[in-house]
There are 2 protein chains.
Amino acid sequence: MTLNFLAKHRSVIIYGASLAALLFVMKWLEWRFIIADNSLEIYAGALAVVFTSLGIWLAVKLMKPKTNTVFVEKEVIIKTNDFILDEQELNRLGLSKRELEVLQLMAEGLSNHQIAERLFVSLNTIKTHSGKVFEKLAVQRRTQAVDKAKKLRLIP
Amino acid sequence: MTLNFLAKHRSVIIYGASLAALLFVMKWLEWRFIIADNSLEIYAGALAVVFTSLGIWLAVKLMKPKTNTVFVEKEVIIKTNDFILDEQELNRLGLSKRELEVLQLMAEGLSNHQIAERLFVSLNTIKTHSGKVFEKLAVQRRTQAVDKAKKLRLIP
DNA sequence: TATAAAATCACCCTAAAGTATGAGCGTTAA
DNA sequence: TTAACGCTCATACTTTAGGGTGATTTTATA
């Protein structure tokens, strides 16, 4: 507790001690020079030098350092997996909900048969849907359709 | 030239002027208090206060600011839409140069026939290549191959 | 130089994909 | 209510893709 206090107010304590010491020196000087009765100027000059030094020492000791905050840019690669469907493009092409659904499953690499099973409809239905999708996207193959749909932001 | 000199040594000049003023004040005080013959302590105290202040002022004015540089990391999101091929994955799967080439054209939606024309080889060759690609990627269809290759960063 | 891997091509066959046409049914908007 | 549209399904046919096997040539590497 006491040690903590000492550590915390070290500067103040040193300053106080120094001041006390100086006052003692002053008193001594006073006696010395008054007795000698010579030159108040020397006394004053000494005082000036000592207290100027003290002031400088104090300022240096107590002045809080100016913090210079520097922002360092750190490059962070963020996996930008945010897909936003281009609804305008979707409407422009006139793709129906079901057709888009089929297109998405196509993009995942499912066969027409697998898509049919997934959507609980017949293979022929999927063929019809995929045919319409190709027509609307103006392509001939599913790989083309998937590629174009990705570029048009219809699927992720 | 003169103005420049004044500007450059402004602090020193101010200090000199201040010192001169203080000496003048001292002289005046000397006269004042000597005449009054009272308390050298007040005189000394005033001197102490004045010169301590002067010291502090000097230190603050002339000392180069103690800068404490703090580095703060600032995260910058870099949008990386540039494709970097995962060569480790490529080597792991053992895909040959030609096979990767075929895979890329597949991803663009080309038919085997078109790929054959593009690469100046026969349709049968492309079939062989694509077959090996499917085998190495452990898939059955080209759409699957394209999907998987994109996820594995083998193609953009 | 011997050898392995890559690249090329062919033939055959099956599976899947794509095209064309027609039709039934439910919803919705003019 | 009728016309349009979306979703469903079917049949028939063509094209493309995929699987299997085998062979030759080129290229890289030990």
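The following exercises, each with a worked solution, concern a predicted model in which chains A and B surround DNA strands C and D.

**Exercise 1. Describe the fold of chain A from its secondary structure, its burial and its contacts.**

Solution.
Step 1. Take the inventory: chain A contains eight helices and one strand.
Step 2. Put these elements in sequence order, which gives the pattern α-α-α-β-α-α-α-α-α.
Step 3. Turn to burial: 21% of the 156 residues of chain A count as buried.
Step 4. Consider the range of the contacts. Among contacts in chain A with a separation of 6 or more, 59% link residues 24 or more positions apart.

**Exercise 2. Characterise the packing of H5(A) against H6(A): is it parallel, perpendicular or oblique?**

Solution.
Step 1. Select the descriptors. A pair of packed helices is described by the angle between their axes and the distance between those axes.
Step 2. Read the values: H5(A) and H6(A) pack at an angle of about 130°, and their axes are 10 Å apart.
Step 3. Classify the angle. Angles over 145 degrees would count as roughly antiparallel and those of 65 to 115 as roughly perpendicular; H5(A) is therefore oblique to H6(A).
Step 4. Assign the handedness: the crossing of H5(A) past H6(A) is right-handed.
Step 5. List the participants. H5(A) contributes Glu101(A), Val102(A), Leu105(A) and Met106(A), while H6(A) contributes Ile115(A), Arg118(A) and Leu119(A).
Step 6. Sort them by class: the contact of H5(A) with H6(A) has five nonpolar residues, two charged residues and no polar ones.

**Exercise 3. Determine which residues of H8(A) are buried and what covers them.**

Solution.
Step 1. Locate the helix: H8(A) spans residues 142–151.
Step 2. Identify its buried residues, which are Arg142(A), Thr143(A), Ala145(A), Val146(A), Asp147(A) and Ala149(A).
Step 3. Find the cover. Within chain A it includes H5 and H7, and from chain B it includes H5 and helix H8 (142–151).
Step 4. Examine what comes after the helix: H8(A) is followed by Arg153(A), which has a positive phi, near 60°.

**Exercise 4. Analyse the side of chain A that touches chain B.**

Solution.
Step 1. Establish the extent: 43 residues of chain A and 44 residues of chain B take part in the contact.
Step 2. Assign the contributing elements. In chain A, helix H2 (10–36), helix H3 (40–62), strand E1 (66–77), H5 and H8 each provide at least two residues.
Step 3. Identify the main contributor: H3(A) gives the most, with 13 residues.
Step 4. Determine the composition, which is 23 nonpolar, eleven polar and nine charged residues on the side of chain A.

**Exercise 5. Set out the protein surroundings of DNA strands C and D.**

Solution.
Step 1. Begin with DNA strand C, surrounded by 23 residues; the closest are Ser111(A), Asn112(A), Ser96(B), Arg98(B) and Val121(B).
Step 2. Attribute this surface. Two or more residues come from each of helix H6 (112–119) and helix H7 (123–137) of chain A, and helix H5 (97–107) and helix H7 (123–137) of chain B. H7(A) gives the most, with five residues.
Step 3. Continue with DNA strand D. It also has 23 surrounding residues, the closest being Ser96(A), Arg98(A), Val121(A), Ser111(B) and Asn112(B).
Step 4. Attribute this second surface: helix H5 (97–107) and H7 of chain A, with helix H6 (112–119) and H7 of chain B, each give two or more residues. H7(B) provides the largest share, five residues.
Step 5. State the compositions. The surface near DNA strand C has two nonpolar, 14 polar and seven charged residues; the surface near DNA strand D has two nonpolar, 14 polar and seven charged residues.

Note on methods:
Residues numbered from 1 in each chain as written. Chains lettered and ligands numbered in written order. Predicted model: local features only at pLDDT ≥ 70, side-chain atom pairs only at ≥ 80, totals over all residues. Near = placed C-beta within 6 Å. Helix = DSSP H or I, 4+ residues; strand = E, 2+ residues; numbered from the N terminus. Nonpolar A, V, L, I, M, F, W, Y, C, P; charged D, E, K, R; others polar. Buried ≥ 20, exposed ≤ 12 C-beta atoms within 10 Å, placed from the backbone. Contact = placed C-beta atoms within 7 Å. Axes fitted to C-alpha atoms, helices over the stretch in contact; angles between N-to-C directions. Parallel < 35°, antiparallel > 145°, perpendicular 65-115°, else oblique. Left-handed = near helix turned anticlockwise from the far one by under 90°.
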